[in-house]
Amino acid sequence: MAAPAQNLRINGERLWDSLMEMAKIGPGVAGGNNRQTLTDEDGEGRALFQSWCEAAGCTMGLDQMGNMFARREGSDPEALPVYVGSHLDTQPTGGKYDGVLGVLSGLEVLRTLNDLGIRTKHPIVVTNFTNEEGTRYAPAMLSSGVFAGIHTQDWAYDREDAEGKKFGDELKRIGWRGEEEVGTRKMHAFFELHIEQGPILEAEGKDIGVVTHGQGLSWTQVTIEGKDSHTGSTPMPMRKNAGLGMAKVLEKVDEIAWSHAPHAVGAAGHINVFPNSRNVIPGKVVFTVDFRSPDLSVIEDMEARLRVEGQKIADDMGLSISFEKVGGFDPVAFDEGCVTAVRGAAERLGLSHMDLISGAGHDACWINRVAPTAMIMCPCVDGLSHNEAEEISPEWAAAGTDVLFHAVVETAEIVE
């Protein structure tokens, strides 16, 4: 496959203008966005994206999960399309770039091809996957998961939000339920550009992250039970303090993650303490331990050690403890050919780059199950994401999209 000429670049100013225009839809309260999936604001963002795609000469496909597919034809009607994209939905207090950059950079690739009069053998399709964030409807990456056969469509339709509204009903209500069967599309390759959502690229002074792997994830819900009692009148030797038991387990979680440095991580972010009163020793705690690693054997070791060490702590303190695995997915190794195309594009463009392991889940992690896939990352300020203060620079966005353009166009094959 011939690579695009080294001097070819996207229109960074137009890309940035599109990002800022989309950010006007579903504004947050502190400069970011609240454009949660299947809300009226989501519908409005979709309509704007569709209008831009049609203005660029694309046809729009829509499947029964609301996944959008903007297609630019190739010269060979039999050639499988090269897909590119991410998601337009946001967290309740989300930023302007998480997911959105991946969709609008794909659109910019098509606009630049139009500007330059370049034809490709393979069609190129820009995708907006429904409900990547998983905030309103759990789990995350829901629609790409249905596309890849991880979840059934009926199960996804029955997911309920905090108000009891079902995913399927809300998808129909906002008018973005298509007729196309989910997962029938075949892909030549899939590329996703995303902000890093971590501090490594900025700290290392690198323009581009070449994502080689996605971390696997394990969520274990731990319940520790002791005995509620008065904090002032219960002697220290007679206490059955579930809160103290949790503290010791969480210290062990940290120790376990450190033992697999540098790529493994572990912590508990979701914690409930009962009765949660100032003058009552906690009789019960429920918390979820989140372990991640790009190595499945490491995840399995961390899970096993949590159970063994946690049980010992509980036994020594006279507490009861139980463990329930409540979520997770295996690590992802992205396609070597697609990863090579990304790395070669960064080198050709003279951009500094480094290999990265994604610490977060992305639609690409599920699509990797059904098509050759790779991800590109650009820095974000202080690694901050899922926050209205999330920020990137126009230069970072343009550099990431330049790499995306070169990798996608090389894979789609220029027609001379």
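1. A quick note on the predicted model, starting with one pairing: glycine 209 sits across from methionine 377 of β16. That contact belongs to the antiparallel partnership of β7 with β16 (residues 373–378), which is held by three bridges. Keep in mind throughout that the model is predicted.

2. β7 has other partners too. With β15 (residues 353–358) the strand runs parallel, over six bridges, and glycine 214 faces serine 358 there. With β14 (residues 332–333) the pairing is antiparallel and made of two bridges. Glycine 214 turns up again in that pairing, with valine 332 as its bridge partner in β14.

3. How many of the seven residues of β7 are buried? Six of them are, so the strand (residues 208–214) is largely enclosed by the rest of the structure.

4. On to the annotation. An unreviewed UniProt entry assigns residues 215–306 to "domain: Peptidase M20 dimerisation". In the model, that span is 30% helix and 37% strand, and its end C-alpha atoms are 19 Å apart. I'd cite the label as coming from the unreviewed entry.

5. Now the open sheet. Four strands line up as β10-β12-β8-β13, with antiparallel pairing. Which strands stand at the edges? They are β10 and β13 (320–329); each has a single partner strand, so one side of each lacks a neighbour in the sheet. Ignoring direction, neighbouring strands here are turned by 20° against each other on average.

6. Within that sheet, β10 pairs with β12 (residues 284–293) through nine antiparallel bridges. Alanine 268 is opposite valine 289 of β12, if you want a pair to look up in the viewer. Two helices pack on the sheet. α8 touches β8 (216–225), β10, β12 and β13, and its direction makes about 5° with that of β12. α9 (residues 296–317) also touches β8, β10, β12 and β13, with its direction at about 165° to that of β13.

7. The α2 helix passes a simple length check. With 16 residues at 1.5 Å a residue, α2 should span 22 Å, and the end C-alpha atoms are 23 Å apart, which agrees. Just after the helix comes glycine 57, with a positive phi near 85°.

8. What is buried in α2? The list runs Asp42, Gly43, Gly45, Arg46, Leu48, Phe49, Trp52 and Cys53. So a charged-type name or two sits among the buried residues, including Asp42 and Arg46. The cover over these buried residues includes α1, β1 (59–62), β2 (68–72), α3 (100–116) and β5.

9. Some backbone oddities deserve a look. Most residues other than glycine have a negative phi, and most peptide bonds are trans. Leucine 38 goes against the first habit, with a positive phi of about 65°. Leucine 38 is in the loop between α1 (12–22) and α2 (40–55), and at 0% relative accessibility it counts as buried. Methionine 141 also has a positive phi, near 55°. Methionine 141 belongs to the loop between β5 and α4 and counts as buried because its relative accessibility is 3%.

10. Then the cis peptide bonds. One joins alanine 138 and proline 139, with omega about 5°; proline 139 is in the loop between β5 (124–128) and α4 (142–147). That loop also holds methionine 141. Another cis bond joins alanine 261 and proline 262, again with omega about 5°. Proline 262 lies in the loop linking α8 (242–258) and β10 (265–274).

11. Last, the cysteines. The structure has zero disulfides. Why does cysteine 53 form no bond with cysteine 58? The sulfur of cysteine 58 is the closest cysteine sulfur to that of cysteine 53, but at 5.4 Å it is too far for a bond. Cysteine 53 is buried, at 1% relative accessible area. For cysteine 365, the closest cysteine sulfur is in cysteine 338, 14 Å away, which is too far for a bond as well. Cysteine 365 is buried too, with a relative accessible area of 4%.

Definitions and conventions
Residues are numbered from 1 along each chain as its sequence is written. This is a predicted model: local features need pLDDT of at least 70, side-chain atom pairs count only at pLDDT 80 or more; totals for chains, interfaces and linings use all residues. Side-chain values use heavy atoms; hydrogens and water are left out. Buried means under 20% relative accessible area, exposed over 50%, partly exposed in between (1.4 Å probe, protein chains only). Two strands pair if DSSP finds at least two bridges between them. UniProt positions are given in the numbering used here, feature names are shortened, and annotations may be inferred rather than shown by experiment. The expected span of a helix is 1.5 Å times one less than its number of residues. Contact means heavy atoms within 4.5 Å. Axes are lines fitted to C-alpha atoms, for helices over the stretch in contact, and angles run from 0 to 180 degrees between N-to-C directions. A disulfide is a pair of cysteine sulfur atoms within 2.5 Å.
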